[in-house]
Amino acid sequence: MSYPLGKVKLLYVKAKVYVHPDKNAGQNFDGFLYMCAEQGATDKDIIVGWAPRSVLNEEDIAMLEQVDLNGPTDTSFIKRLPAGGSFSFQVSIGQLFSLERRPPTLGWWSGSVVIHSRVLSDKIPVLFFHDEESESTMRESAAKNKNFDPFGEENELYWGGVTFFEKLKEHCHLEKATLEPKVLLVNPTLEDLNNFSSSFFNQDDQKTPGISFNGFLDKARVGLYDSFVKIGSRARASINKIVQESPAPLQEYLKNPEVQKVNEDFDAARVYLAKWALGVQEQAEKSRQKIILDNQSRQVLSKELGMNFDKLLPGEILNAHERREVSKQTWDSFFDHAGCLCLTVHEVKERIFHGGLNETIRGEAWLFLLEVYPWDSSYAERKDLRMVLKKQYEEMKGLWRPKLEHGASDSYFQDQKFRIEKDIQRTDRNMEIYKNHDDGGNDKLMSSNVHEDDSENVAVVKNKHLRALREILLTFNEYNDKLGYVQGMTDLLSPLYVVLQDESMAFWAFVKFMDRMERNFLHDQHGMKDQMNALNELVQFMLPDLFIHLQKCDSTDLFFFFRMLLVWFKREMPWNDVLRLWEVLWTDFYSSQFHLFFALAIQQKNEKIVTEHLTKFDEVLKYFNDLSMTYNLNDLLTRSELLFLKFRKMVEIMDKEEGKSAIGDQLRQLLSKDMVIQRETERHDG
C-alpha cells in the first residue's frame, strides 16, 4: 500500500504527555508522544517523537487524538510533524541508547520516561504522563480495575507509560540493565551490556560517595569496558619438581572398560585409537620439559599477573558478564531494508559469541556463520543464491544415483552406502523428527531384494528425514571423494538438518562445516593428533599442577577427550546446549580453535577433584566419561573465555621478556582466527 504523498503512518500516540521546563506548573508544555514510520521503513528507522499541542493544527490534533483513543488503522496517516523548537524532538529507534522507566510514586503523581540517544548532542526532555488528564489512560485503567487486574507488566499499577513500552518492544529489543533495573537498554551491543554491569565500576568508584546515575550513564555511553580478567600482583612460589612416569602399555588401553566405552561409539577406529592415544602420550613426554614453565618464566609471569596467574579465581568468574542470546528483533535490527548488514561482521559475531542465538533465527544465522551466505549479501542476492545451490545439489545427486543400478561393479560405493545407512539409523533417534514414523513414502534407494517389512535390514529407511540424511551423506561421499563418508559425520550433520529443515541447504552447510572438521576424520588421524598435542601443551602451560598429577595417573594422553573433540562435544551435552556451543565456536571470535579452550575449561573446572581424589588411569577416565550430560554450558563458556584471555596475556608477556622462541608454534597457533584446514590426499577403500 502506498502512503499519501508527504505523510507518515502513525503507529502509536499518547496524548497529555507533558514537558516540565521548571518547577512552575504553569509553564508545563502539553503535547503528544508518538511513533511513526515512513513508507518502507525498517524497525530501526521508526521515529519516536514528541510535539507540543501548541504548534499543531486542528487536523493533526484530531488524527493524533483518534489514534490515542482507538489505536492506529490503515488510514492513520499524518503529515511529518515538527522536530525543532518548543522541546520537540524526533529520534529513530536505531539511535536510541536507553530509556529510564519512572512509574508514579507518592512523591511524583505523574510517571515519566527519560530517553537517551546514542548521539551525545541530542537534547531530549523528560516526558511526564499526566494520567488524570488522559482519556485513553483513564479508560484502560478503569477496564483493568473492572477485571481485577490493575497492574502492568512490571507488577506496577497501570500508568500511561506502560503502553509506550509495550509498543516499543514490538520494534526493538529492550534489555534491563543489571546495575539499574529501571533502565532499559535499546538493542544493546555487548559493550552496552558490559558498561551497565556491576563490574564496570572499579573499587574506587564504589567508594566514592554521591556518585550520580547520570554521571554513570555518561561514563557508560562513552567509556570502553577495560577487561573482566583481573589478576592479583603478588609473586607465586615455584612448583614442585616434575615427576616422570612411564606411559601405560598398549594392551592396557584395549582391555580397559572405560576405553571400550569410547570405542563402542566409534568402533571403526578401535585399534588405531589406542595406538594413537599411546603416541600422543609419548609425544607429550618429549615436549613436556619445553612447555611446563621453569622457575624463571614463572617469576616473570608472577611479577606481571600475580601469584595466581595459572588459576581462575572465583571473583573472575563471578564478575564475568551475563550471557544474553540474540533475539529475532535484535537480529533483524542488524540489517537494513534491503537485507544488507548494518553492523560489522565482528560486531555480529561478538553478540553471538557472548550469548548465542534464539532458536527462531538459527535457520538463517547459521548459514552466515558457516559462510554459505556471504556477509555482504542482500535479501535478493541470497534468494538467488539459494536457487543456484539447490540446482547444484540436485546435479551432484545425479553423480551417484546411476551407481544404484550398477552397484555390483562399485563395491566402494555399496560399502559406503551401507555404513551411512547403519549410522543414520542410530543417530539422534530420541528426537521426534527422527522417530520411526512411516510416512507412507517409498524408499527409492532400497535394493530390489530388500522388503519394506524387513525391519532388521539397515537399508530399510522409513523416516523421510533419515532418508534426507542418507541422500546428503551419499552426495557428500561423491563431492569429497578422497575423504568420503567416515563414522561420526552423522553427528555433525544431524543438528544442521534439524535446524535448517531444508535438504539442499543442509548439504551446503555440512560442506562448509566439514571444511574445518575434515581434519578430525583423516585416515592417518594426523588432524586429531595435532589437536590432542595442542591440548596437551595447553594443559601443561595453563594448568601445570593438573598436568603433573595426570602424569602420576598415567593420563597425560588425555584419552578421555578423543570423543569430545571428534564431534565437538555432541555426545557430552543436551541437544540445545550443543546447538548453542557450535554457533559460539563458529564465530572464531577469539580463535578458530576455541574448542580447545572449552576442553581446557572442563579440566580447569574439575582440577581440584582430580588432583585431590583420583590417583589411577581408570579413575580419571571413568570420572570424565561420567561427566557426560552434566556440564553447565554457560559456566564453561565463561571459563573458556577467561582462560583464553589469560593465555593471550601470558604469551604476550613471555614474548616481551624472553622472545618469541619461548612459545612454540603449536601453542601460538591457538591465537589465530584463521581456520585450520587439513585435507585427505587420497581415497582409502575399505
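This briefing describes selected helices and individual residues of the structure shown above. The model is a predicted one. Helix α1 comes first, followed by the pair α21 and α22, and then by residues with positive phi and by glutamate 607.

**Helix α1**

- Helix α1 covers residues 58-70, which makes 13 residues. At 1.5 Å a residue these should span 18 Å, and the end C-alpha atoms are indeed 18 Å apart, so the expected and modelled values agree.
- The buried residues of this helix are Asp60, Ile61, Met63, Leu64, Val67 and Asp68. They lie on the same side of α1, because they cover an arc of only 165° around the axis.
- A general rule helps in reading such a pattern: an α-helix has 3.6 residues a turn, so residues three or four places apart point the same way.
- Glu58, Glu59 and Asn70 are exposed, and they sit on the face of α1 turned away from its buried side.
- At the start of α1, asparagine 57 places a side-chain oxygen within 3.1 Å of the backbone nitrogen of glutamate 59.
- Glycine 71 follows α1, and its phi is positive, near 85°.

**Helices α21 and α22**

- Two packed helices are described by the angle between their axes and the distance between the axes.
- For α21 (residues 526-542) and α22 (residues 544-552), the axes come within 5 Å and cross at roughly 120°. An angle over 115 but not over 145 degrees counts as oblique, and the two helices are therefore oblique to each other.
- On the α21 side, the residues in contact are Asn536, Val539, Gln540, Phe541 and Met542. Their partners in α22 are Pro544, Leu546 and Phe547.

**Positive phi outside glycine**

- Most residues other than glycine have a negative phi.
- Lysine 16 has a positive phi, near 60°, although this residue is not a glycine. Lysine 16 is located in strand β1, which comprises residues 7-19.
- Aspartate 428 is not a glycine either, yet its phi is positive, at about 50°. Aspartate 428 belongs to the loop between α17 (411-424) and α18 (464-479).
- The relative accessible area of aspartate 428 is 14%. Buried means under 20%, so aspartate 428 is classed as buried.

**Glutamate 607**

- Glutamate 607 is part of helix α26, residues 607-613.
- With a relative accessibility of 10%, glutamate 607 also counts as buried.
- Glutamate 607 and phenylalanine 547 are 60 residues apart along the chain, while their C-alpha atoms are separated by 9.5 Å. Phe547 is also one of the α22 residues that meet α21.

Conventions:
Residues numbered from 1 in each chain as written. Predicted model: local features only at pLDDT ≥ 70, side-chain atom pairs only at ≥ 80, totals over all residues. Heavy atoms only, no water. Helix = DSSP H or I, 4+ residues; strand = E, 2+ residues; numbered from the N terminus. Expected span 1.5 Å × (residues − 1). Buried < 20%, exposed > 50% of the residue type's maximum accessible area, 1.4 Å probe, protein only. Arc of directions from axis to C-beta. Polar contact = N/O pair within 3.5 Å; in protein donor to acceptor, adjacent residues only side chain to side chain. Axes fitted to C-alpha atoms, helices over the stretch in contact; angles between N-to-C directions. Parallel < 35°, antiparallel > 145°, perpendicular 65-115°, else oblique. Contact = heavy atoms within 4.5 Å.
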